[in-house]
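Subject: Structure for you to look at

Hello,

Here is the structure I said I would pass on. Please open it next to the notes underneath.

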Amino acid sequence: PSDARAAIITSKELGAWPVLQFTNKDIATVCTKFGNRLLYLASVYMDGNVDAVDPLVQELIDSCKTQGADYLICSDTNAHSQMWGSEQDDARGHMVEDLIAINNLQLLNTGSTATFITEQRSSIIDLTLANDQLGCRIEHWRVDTTDSMSDHRYILFTLKEARTQHRDHRNVRKANWEMYRAFIRVRYLN
């Protein structure tokens, strides 16, 4: 939409595609394959003048749970809570806390560096949320203090790929039995 307040820019290498079902002027969602799982990425703007979390956020979470997909939500919440380092709580903060608790989300923010800064004030209102399976693979979450050309700072983290357990197996139908017998004779019978 032309009045969009949320966006996601990805590189071609990520192979992400837009998910219009979970996109509106305040939510941008893309999906990609990461390892052997689907990964939904959502950028969410929560309007400070609206006293509710957009129901589309819950619909996205429910859909991901049904599919067994991972999801990462990066949000300008315009909400304050001591849970993520604000000095005081507000009503919007309690709503976001409820979203986190009800859905068993991991709050990935660490530290006390402000994510939003103007000449008049600074606060921590930008949150990074993930499902458990994805959240445990996110490392080095931090607020970048270099100039972002915005009143919001860049949030950086590393997403490590899940290791798949590799098992060696032998296809006995393709075995060279003649060579095997010769090896056994030489090795054990001589």
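The notes below cover confidence, the cores, the pockets and a few single residues.

Confidence. This is a predicted model. The protein chain has a mean pLDDT of 88, and 88% of its residues reach 70 or more. Confidence is highest in helix 1, at 97, and lowest in helix 4 (residues 177-189), where the mean is 69.

Cores. The largest nonpolar core holds 25 residues, and Tyr-40 and Ile-73 touch the most other members. At least two residues each come from strand 2 (27-34), strand 3 (37-45), helix 1 (55-67), strand 4 (70-76), helix 2 (91-102) and strand 8 (126-130). Helix 1 supplies the largest share of this core, five residues. Apart from this core lies another one of 11 residues, including Leu-41, Ala-130, Leu-134 and Ile-138. In soluble globular proteins, nonpolar side chains tend to be buried together.

If you want one residue to start from, take Tyr-40. Leaving aside neighbours within four places in sequence, the contacts of Tyr-40 include Val-19, Val-30, Cys-31, Leu-60, Cys-64 and Leu-72, and also Thr-29, Gln-67 and Asp-70.

Pockets. The largest pocket encloses about 840 Å³ of space. Its lining has 27 residues, of which Ala-7, Ser-43, Cys-74, Arg-153 and Ile-155 are the closest to the centre. Strand 3, strand 4, strand 8 and strand 10 (155-159) give two or more residues each to this lining, and strand 3 gives the most, with five. By class, the lining of the largest pocket is made up of 16 nonpolar, seven polar and four charged residues.

The second largest pocket has a volume of about 180 Å³. Two nonpolar, seven polar and one charged residues line this second pocket; among them are His-80, Ser-86, Glu-87, Ser-112 and Ile-124.

Single residues. Ser-86, one of the residues lining the second largest pocket, sits in the loop between strand 4 and helix 2. Is Ser-86 buried or exposed? Its relative accessible area is 10%, so Ser-86 counts as buried. Not counting residues up to four places away in sequence, Ser-86 touches His-80, Ser-81 and Ile-124.

Two residues that are not glycine have a positive phi. Asn-104, in the loop between helix 2 and strand 5 (106-107), has a phi of about 50°. His-140, in strand 9 (residues 138-143), has a phi of about 60°. His-140 is exposed, because its relative accessible area is 55%.

Regards

Notes
Residues are numbered from 1 along each chain as its sequence is written. This is a predicted model: local features need pLDDT of at least 70, side-chain atom pairs count only at pLDDT 80 or more; totals for chains, interfaces and linings use all residues. Side-chain values use heavy atoms; hydrogens and water are left out. A nonpolar core is a set of buried Ala, Val, Leu, Ile, Met, Phe, Trp, Tyr and Cys residues joined through side-chain atoms within 4.5 Å. Buried means under 20% relative accessible area, exposed over 50%, partly exposed in between (1.4 Å probe, protein chains only). Helices (H or I, at least four residues) and strands (E, at least two) are DSSP runs, numbered from the N terminus. Contact means heavy atoms within 4.5 Å. pLDDT is the predictor's confidence in each residue, from 0 to 100. On a 1 Å grid over the protein atoms alone, a cavity is a set of points where a 1.4 Å probe fits but cannot get out, and a pocket is an open set with protein on both sides within 12 Å along at least five of seven lines; lining residues have an atom within 4 Å of a point. Grid points are joined across faces, edges and corners, and a volume is the space filled by probe spheres set on the points. Ala, Val, Leu, Ile, Met, Phe, Trp, Tyr, Cys and Pro count as nonpolar, Asp, Glu, Lys and Arg as charged, and the others, Gly among them, as polar.
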